[in-house]
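Please look through the sequence and the fold before reading on. The report below goes from the interior to the strands, the helices, the metal site and some unusual backbone positions.

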Amino acid sequence: MTRLSAVLLLALTLVTVPWTSSAEPETATAAAAASVSATRIRADVEFLADDLLEGREAATRGYELAARYAAAALKSAGYEPGADDSSYFQQVPLLESTRTEAALRLTIGGTTTDMPMPGQAILGPSAVHASVDVTAPVVFAGFGVTAPEFAYDDYGGIDVKGKIVALLFNAPARLPSEPRAYYASTDHKLKNAADHGAVAVITLLGPDDVKRFPWEQLKTLFGRPTLTWLDADDSPVPSEKRLQATAYVSPEGSARLFAGAPITFEEAVEAGRKSASRGAALEATLTMRSRTSHQRASSPNVVGVLRGSDPRLAATSVVLTAHLDHTGVLPPGSGDRINNGAYDNATGSAILLEVARVLAARPVRPKRSVLVVLVTAEEKGLLGSDYFAHHPVKVAGRIVANVNLDMPVFLTASTDIVAFGAENSTLGEVVRKAVAEVGYTLSPDPMPEENIFVRSDQYSFVKRGVPAVYLVPGFTAEDPAVNGQQVFGGFLASHYHRPSDDLSLPMDLKAVERFSRANLAIVQTIANDPVDPAWKPGNFFGKMFARSN
Ligand SMILES: [Zn+2]
C-alpha cells in the first residue's frame, strides 16, 4: 500500500466510533474519539507535506490533492458541505499576472542608467495594466503613513502629485504594535499614496529589512506570476487601480536613488528608525516599464459546516481557518526544490482537521454553527480568506468570530500561547481562560516588529469587522535550558519558505496535542457562548473596520 492510501485510510477509520452493546466500552470509545490525537495530526501533516503534493501552491494539482484530502476528512468527520453549490469547494476566481517585460531606468543629473533586475530592484507584474510606461520624478515620503490619531503624517509638507513615491518598508516604531501593523500594510500604503496623487510606489529595503527578508530570497520572487482574486465585475482584488506600478528596491539600489538628494539613504533610514518623518524630493527621475499577460485561474477554499445545536445561535457561526496552500516548487536549480511547508501550514491545517473531528465527535454539538475553512492562496496575499470574507458562504449566517492557525512550530514544547489580536476584543478573556484550562499561560505578541496580526488570514475577517485571533505556541520553552525565541528565530532564518520546512524537522507531538486541546477549548467556548464576541470600546481595529454585515 502506498503511503498516500495508508494515510487516507487511517484518517477515515479513526474517527468512526464502533457500535458496541455495552455502555461502558461505548463511553470509553466515544471519549477516545472525542479527544485530540497527535498521531492523527502527524499523519495528516505527513500526507500534506509529502513531495507528491509539490508544495501545495494555489491553483496547482498539488493543491487540488490537498483540497480533496481535506474535504474527505471533513466529510468523514460529519461535516456538511459548506459551499453554496452544496460541495465542499468554494471556488475562488483568480487572475494570474505574468510579467513578460520589465525595465527600470534611473536618470540623475542628465545621466541615465539601468537599475538591474533582480539584482537591485524587482518590478512586479501588474494585475490591472497590461502595459506600463511611467517616467516621473521620485519623492521620498518616509514610510508613506498618514495616521491622524497618532498625529503622524509622512505626506505633510511634500507634494507627490504625478510623482513616484519612494517609501521605507514597515511603519514608524513609535506607533503601538497593532496600529503599526495596519499602517505598515500595503493596503494602507498604496491607497494613501494614490490618495495623495502619486502615480507609482517603490518600496526601499534598508539594511535592517534585508536581515529579516534577505534580498537573495526576495529575488526568487522575480519572474513568478502574481495572483489576485476577481470580483463580480472582473476587477482584480487587491489592487490600487490609480497606481501604475509598484516595485521593491534593494539597499544598494536605494542608495543609488538618493544620489545628489538633500538627504542620503542612510539618513533616511536613520530618520525612519527614530519614527521621524523626513520627506524630500530626490534628484532622481525613474522610468518604469512593464508588460504583463493575464490568465484566469481558480482554486478552492475547502468549507465544511457543523450546524449549531441551538435553534437561535445556529444562524451565527464561528469560522475556523488555516491556509492549506504553500509556495510550490522553486525554479530549476540544484537540490531539493519542493517547498513542502510542513510547518507552514500543513501543521495548522492538520490541527484544524483534528479539532474539527473532535468537535463533531462530542456527544453535544456546539450551540453556534462551526465553519471549518481551509483557505487557498494565503501565500499569494491572503486571497482565499479575503474572498471568503467578502463572499461568505450562505450557511455561515452571521459570522461572530474567526480563529486562525498558521505555522504553529513545535520544534520545542512551550508553556505559553500567543493569541495575536486577543487584546482587541472580548476574545482575549475567552482565550486566556481556555488556555489556562490546558495549563498554558497567555503571552503578549513577542515580535511586534513582524506585524504578524496583518500577515495571516485572520486579518481578512478583521477587515470585515469580525473579531479574530490567531494562535501560535509561545516562546517560553518547557525546558529551561532552551531559548524558545532563538529556536523560532532559527526556524525563520533557515527553514521558513524554504524546501527544508519539511518532514525531517523535529515535531514535539506532546506539544502538538496540548496546543490543539487549547485551540479546541477556545473554539468550544466561543461557539457555546450566547454573547457575541465584541471589539473592546474604542479599539483601533473595531473603529477602523466598523462591521460591514
Ligand atoms: Zn507562509
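A nonpolar core, as the term is used here, is a set of buried Ala, Val, Leu, Ile, Met, Phe, Trp, Tyr and Cys residues that are joined through side-chain atoms within 4.5 Å, and a residue counts as buried when its relative accessible area is under 20%. The structure shown is a predicted model, and every value below was computed from that model.

**The interior**

The largest nonpolar core has 134 residues, and the members that touch the most other members are I202, L257, F258, M288, V302 and L471. Helix α11 supplies the largest share of this core, with 12 residues. There is also a second, separate core of 13 residues, and among its members are V319, V373, V375 and F461. To see what surrounds one residue of the largest core, consider L257: when its neighbours within four places in sequence are left aside, L257 is in contact with L106, I108, M115, V138, I202, L204, L282 and A284.

**Strands that pair with β13**

Strand β13 covers residues 280–306, and the table lists strands that pair with β13, together with one residue pair for each of them.

| Partner of β13 | Sense | Bridges | A residue pair |
|---|---|---|---|
| β1 (residues 80–81) | antiparallel | 2 bridges | P81 and G304 |
| β2 (residues 89–108) | antiparallel | 18 bridges | R105 and T287 |
| β5 (131–140) | antiparallel | 9 bridges | V132 and S290 |
| β15 (369–375) | antiparallel | 5 bridges | V305 and L371 |

**Two helices with a buried side**

Which residues of helix α10 are buried? In this helix, which spans residues 265–273, the buried residues are F265, A268, V269, A271 and G272. They cover an arc of only 160° around the axis, which puts them on the same side of α10. The elements that these buried residues pack against are the strands β5, β8 (164–168) and β9 (200–204), together with the helices α7 (207–212) and α9 (251–257). After α10 comes S275, whose phi is positive, near 60°.

Helix α13, residues 427–437, can be read in a similar order, beginning with its buried residues L427, G428, V430, V431, A434 and V435. Seen down the axis of α13, these residues fall within an arc of 160°, so they line one face of the helix. On the other side of α13, K433 and E437 are exposed. The cover over the buried residues of α13 includes the strands β16 (398–405), β17 (416–420), β18 (441–443) and β19 (468–473), as well as helix α16 (509–528). Just after α13, G439 has a positive phi of about 90°.

**The zinc site**

Which protein atoms are the donors of the zinc ion? They are an OD atom of D344, two OE atoms of E379 and the NE2 atom of H497, and they lie 2.0 to 2.5 Å from the zinc ion. Along the chain, the donors follow the spacing D-x34-E-x117-H. D344 lies in helix α11 (residues 342–361), while E379 lies in the loop between β15 and α12 (383–390), so the pair ties together parts that are 35 residues apart in sequence.

The angles among the 4 donor atoms run from 55 to 144°, and the site is irregular. The reasoning behind this word rests on a cut-off, because four donors count as tetrahedral if all angles lie between 85 and 135 degrees. As background, the ideal angle for four tetrahedral donors is 109.5 degrees. One of the donor residues, D344, is buried, with a relative accessible area of 2%.

**Unusual backbone positions**

D344 also takes part in a cis peptide bond, which joins it to N345 with omega about 0°, and N345 lies in helix α11. Another cis peptide bond runs from V237 to P238, with omega near -5°, and P238 lies in the loop between β11 (236–237) and β12 (245–249).

Positive phi values also occur in residues that are not glycine. S86, in the loop between β1 and β2, has a positive phi of about 60°, and at 58% relative accessibility S86 counts as exposed. N170, in the loop between β8 and α5 (177–184), has a phi near 75°, but at 6% relative accessibility N170 counts as buried.

Terms used. Residues are numbered from 1 along each chain as its sequence is written. This is a predicted model: local features need pLDDT of at least 70, side-chain atom pairs count only at pLDDT 80 or more; totals for chains, interfaces and linings use all residues. Side-chain values use heavy atoms; hydrogens and water are left out. Buried means under 20% relative accessible area, exposed over 50%, partly exposed in between (1.4 Å probe, protein chains only). Helices (H or I, at least four residues) and strands (E, at least two) are DSSP runs, numbered from the N terminus. The arc is that of the directions from the helix axis to the C-beta atoms. Contact means heavy atoms within 4.5 Å. Donors are N, O and S atoms within 2.8 Å of the metal (3.2 Å for Na, K and Ca); water is not among the atoms, so sites may look incomplete. Four donors count as tetrahedral if all angles lie between 85 and 135 degrees; four count as square planar and six as octahedral if opposite donors are over 155 degrees apart and all others between 65 and 115; anything else is irregular. Two strands pair if DSSP finds at least two bridges between them.
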